[in-house]
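Hello,

Here is the structure I promised to pass on to you. Have a look at it first, and then read my notes below.

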Amino acid sequence: MTISTLIDTIEIQTNILDGLGLLSKDIDNLTTHWKQQIDNEPNRFINGDLSINSDALCNFRRLDIFTEDIPSGQGGLRAAIGGRHRSGRKILRDTLNMLIDRGYDELLKAYPCPSTGNPTLFKYKGYTYGLNWLKHIYLLGLMKDILEPELPSDFTCLDIGCSYGSYSGLVKKEFSKSHHILVDFPQHLLMAHYFLGEYHPGARIAGVGDVAQVNEITQGYVNQFDFVLVPCQIFDRLHLDGLDLVTNFVSFGEMNKEWFDYYVQSMTFRNAKYFFSTNRVQSSSTYDTDMNILNYPIHASQSMHFGVCPIQSRRYQSKKIWFFKAVTSPPIFEYIGMVPDV
Amino acid sequence: MTNTLVEHLNSDFEQYKNFQLDSRDTGDLIPKWRELVDSQLERFVGYDGYLDFNLLKDFRRKQIFVPDLPERELNQFNVRNFIGGQRRGAYLMLKECLDVFKVYGDENLLSKYPCSNAGNPYIFRRQGYSYTFRWIKHIYSLGLVNRFLGDKLCSDFMSLDIGSSYGIFPSLLNQEYPGSHHVLVDFPEQLLLAHYYLGTTLPEARIAGIDDVCMQVSINRDYVKNYDFVLVPITLFEKLVGLEPNLVSNFASFGEMSRKWFEFYVNSAPVRSAEFLFTANRIESSPTYDTDLTILDYPIWDESKVLHFAVSPIFSYTYMYLRRLLFWNEKVQYPPHFEYIGRVAG
């Protein structure tokens with residue numbers, strides 16, 4: 001599929017969504033951060049007449065639409081010597097070294113960071129990457145270590161808060177028979193459609209507009225596709241019994257309790273087999289939500305892996321333009337385990 | 001130090017030997033504590049086999065059993081304080097932890113309870129406050145008790161501090177809540193230090209030392225009510241019967257135990273029958289400690305019982321500055337800790 005055909009498809013999906021009233025910004029109970037994001041970010045690649053700004057979409061990672069990354073920006077002298085950029089490079093070096101220590105660099109070799117969305121990338125030790133890509137390589141490595149022996153080859157994974165789908169895209173590369181259900185804001189999923197369409201040419205993608213016209217999303221429906229894009233407002237149309245894996249990376253901790261309960265109390269979640277999550281131990285220092293680790297459906301008796309996530313453990317902040325200092329980032333836990341019986 | 005305290009301590013040590021409480025015989029310790037119990041007693045016992053009170057009165061300065069910052073005099077002019085990477089790091093760390101502490105508005109407690117001189121520690125002085133890193137952490141914990149339990153605990157409440165070390169937290173609680181009673185549980189060698197510390201800081205306090213406790217068949221609530229502090233060596237923990245403490249506390253020591261010891265305590269009758277639990281511990285004990293304990297193992301997961309939960313700022317958002325190439329230091333983040341206050345029984 002050519003880029004223009006892909007963008008035409010995404011434009012059709014956008015119009016269907018709008019017709020169904022799902023492109024609305026009126027999603028209730030969002031934290032301030034996400035309210036602002038949903039108010040502003042879609043306008044950066046969806047025009048007022050619902051046509052797609054193809055230039056913006058083709059550059060969505062460089063423009064940091066919806067999701068920020070490191071490195072960001074265009075480079076230049078300031079990037080070379082400014083404290084923020086130098087600190088970013090230190091984070092990128094530290095994180096790559098951590099991946100190498102854990103032996104996950106083989107995955108980075110196998111799946112180098114794709115250029116879809118035209119990201120600004122960093123070169124170090126022969127690798128070319130951005131921080132978000134490294135995070136997902138790390139998560140893929142962890143998943144392989146713990147869950148690969150447990151999952152069937154054609155497993156189905158539900159990623160709640162998938163962003164533009166890089167984790168699902170990566171997992172699909174490693175496990176070619178797997179199926180992926182991606183849940184996020186519909187506008188975000190339009191970007192995911194673009195990313196996955198480019199990263200997996202020929203993949204069978206059920207776009208947001210198509211999915212929004214289905215009353216009941218069953219395993220039979222999911223099996224027809226490689227990727228199924230489900231807008232968050234219609235998550236409750238998922239009727240999946242015995243789903244293999246539910247993942248959530250960082251976004252549960254950015255929700256308020258209502259949205260969190262909407263997901264984790266759903267039958268689809270409760271009947272799933274495994275849960276893989278990385279989230280803040282306490283959200284309130286960053287987000288206006290009182291979520292903390294005690295709210296999560298994680299239990300010692302069902303745990304297969306638990307730890308403090310090494311990736312976000314250190315941050316550097318720009319100081320007086322030219323300098324930077326290490327600052328503590330809120331700790332993030334990582335958990336893989338069976339979904340507890342309720 | 002009064003003669004009475006000397007007599008009590010000698011009597012404690014006598015019974016410690018008579019009852020063969022030597023922690024070197026304790027099994028299932030993680031390597032850090034194995035090394036400490038093997039090596040620290042001789043740092044305050046003389047060649048004659050008796051307690052050396054000259055060493056004991058400096059136990060905090062000499063960092064016996066538990067380290068603290070500052071390790072040296074940082075407030076006086078000394079050129080080494082400016083050029084040594086480790087000393088500059090310690091200064092910076094103590095400065096930063098006061099800044100973190102002040103965010104939570106408990107400066108009045110730090111003014112009210114300046115760092116005790118017992119054990120002759122190096123005390124850091126800044127902005128009119130006197131503290132050490134260990135001291136300020138306990139003042140912060142006292143602030144949490146005031147905020148979340150102050151109106152829930154009865155005036156003569158009973159607390160059980162597991163892993164009490166030399167007893168800073170129980171002593172602060174006792175000063176803030178004068179009618180309260182405190183059971184301290186730790187290695188008996190640490191409790192010798194606790195007896196010295198409590199006896200020196202609070203000379204009027206009624207303390208049941210190791211000698212008293214050894215002679216009891218069981219230690220119940222009525223017994224504890226006769227004292228301000230009761231010092232229970234870990235091997236005598238099972239003497240605690242019918243205690244039903246109002247508060248069980250544990251700071252950073254459950255996470256330094258093997259799973260066997262951890263389960264021994266959290267499944268014990270005194271803990272399970274307690275009214276409230278207050279704990280601050282590592283979210284994940286490894287790789288710092290050779291134990292696989294994580295936050296998942298703690299008895300804190302019933303949401304209906306939580307009164308307070310957070311990432312502990314005083315434990316987690318301060319930095320260590322490790323010496324690097326003599327004159328420099330490297331900023332290292334502490335492993336993150338959680339803090340929890342909640343109901344246990346009922």
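**What I found**

Pro287(B) sits in the loop that links strand 8 and strand 9 of chain B. The peptide bond leading into this proline from Ser286(B) is cis, with omega near 5°. Please keep in mind as you read that this is a predicted model.

Chain B has another cis peptide bond to look at, between Leu69(B) and Pro70(B), where omega is about 5°. Pro70(B) belongs to the loop between helix 3 (53-56) and helix 4 (79-83) of chain B. As background, most peptide bonds are trans, and most residues other than glycine have a negative phi.

That brings me to two residues with a positive phi. Gln20(B) is not a glycine, yet its phi is near 50°. You will find Gln20(B) in the loop between helix 1 (3-18) and helix 2 (31-39) of chain B. Gln20(B) counts as exposed because it has 8 C-beta neighbours inside 10 Å. In chain A, Val250(A) is a residue other than glycine with a positive phi, near 75°. Val250(A) lies in the loop between strand 9 (245-249) and helix 12 (257-264) of chain A. With 17 C-beta neighbours inside 10 Å, Val250(A) is classed as partly exposed.

**The sheet in chain B**

Strands 8 and 9 of chain B, which flank the loop of Pro287(B), both appear in an open sheet of eight strands with the order 5-6-4-3-7-8-12-9 and mixed pairing. Strand 5 (207-208) and strand 9 of chain B are the edges; each has a single partner strand, so one side of each has no neighbour in the sheet.

Which strands pair with strand 12 of chain B? One is strand 8 (residues 276-282) of chain B, joined to strand 12 in the antiparallel sense over seven bridges. Here Arg282(B) has His337(B) in strand 12 as its bridge partner. Strand 9 (residues 306-311) of chain B also runs antiparallel to strand 12, with five bridges between them. In that pairing, Phe309(B) is matched with Tyr340(B) of strand 12. Strand 12 (residues 337-343) itself is mostly covered, with six of its seven residues buried.

Elsewhere in this sheet you can see a parallel pairing: strand 3 (residues 158-162) and strand 7 (residues 247-251) of chain B are joined by three bridges. Asp161(B) faces Ser249(B) of strand 7 there.

**Helix 9 of chain B and the nonpolar core**

Is helix 9 of chain B buried or exposed? Twelve of its 14 residues are buried, so the helix is largely enclosed by the rest of the structure. Among the buried ones are Leu191(B), Ala194(B) and His195(B). The helix covers residues 188-201, and at 1.5 Å a residue it should span 20 Å; its end C-alpha atoms are 19 Å apart, which agrees.

Those three residues also turn up in the surroundings of Leu231(B), whose contacts beyond its neighbours within four places in sequence include Leu191(B), Ala194(B), His195(B), Ile207(B) and Val213(B). Leu231(B) and Leu229(A) have the most contacts inside the largest nonpolar core, which has 188 residues. Helix 7 (residues 131-147) of chain A gives the largest share of this core, nine residues.

**Chain A and where it meets chain B**

Chain A contains 13 helices and 14 strands. For its 342 residues, a compact globule would have a radius of gyration near 20 Å, and chain A has 19 Å, which agrees. Its C-alpha atoms fill a box of roughly 55 × 50 × 40 Å along the principal axes. Buried residues make up 45% of the chain.

Chain A has an open sheet of eight strands too, in the order 5-7-4-3-9-10-14-11, again with mixed pairing. Its edge strands are strand 5 (205-206) and strand 11 of chain A. Strand 11 runs antiparallel to strand 14 (residues 332-338) of chain A, joined by five bridges, and His305(A) stands opposite Ile336(A) in strand 14.

The contact between the chains involves 20 residues from chain A and 19 residues from chain B. On the side of chain A, strand 11 (303-308) and strand 13 (323-328) are the elements that give two or more residues. Strand 11 gives the most, with four residues. By type, this side of chain A has eleven nonpolar, eight polar and one charged residue.

Best wishes

Methods: Residues numbered from 1 in each chain as written. Chains lettered and ligands numbered in written order. Predicted model: local features only at pLDDT ≥ 70, side-chain atom pairs only at ≥ 80, totals over all residues. Contact = placed C-beta atoms within 7 Å. Nonpolar A, V, L, I, M, F, W, Y, C, P; charged D, E, K, R; others polar. Expected span 1.5 Å × (residues − 1). Buried ≥ 20, exposed ≤ 12 C-beta atoms within 10 Å, placed from the backbone. Pairing = 2+ DSSP bridges. Rg over C-alpha atoms; globule rule 2.2 N^0.38 Å. Core = buried A, V, L, I, M, F, W, Y, C linked by C-beta atoms within 7 Å.
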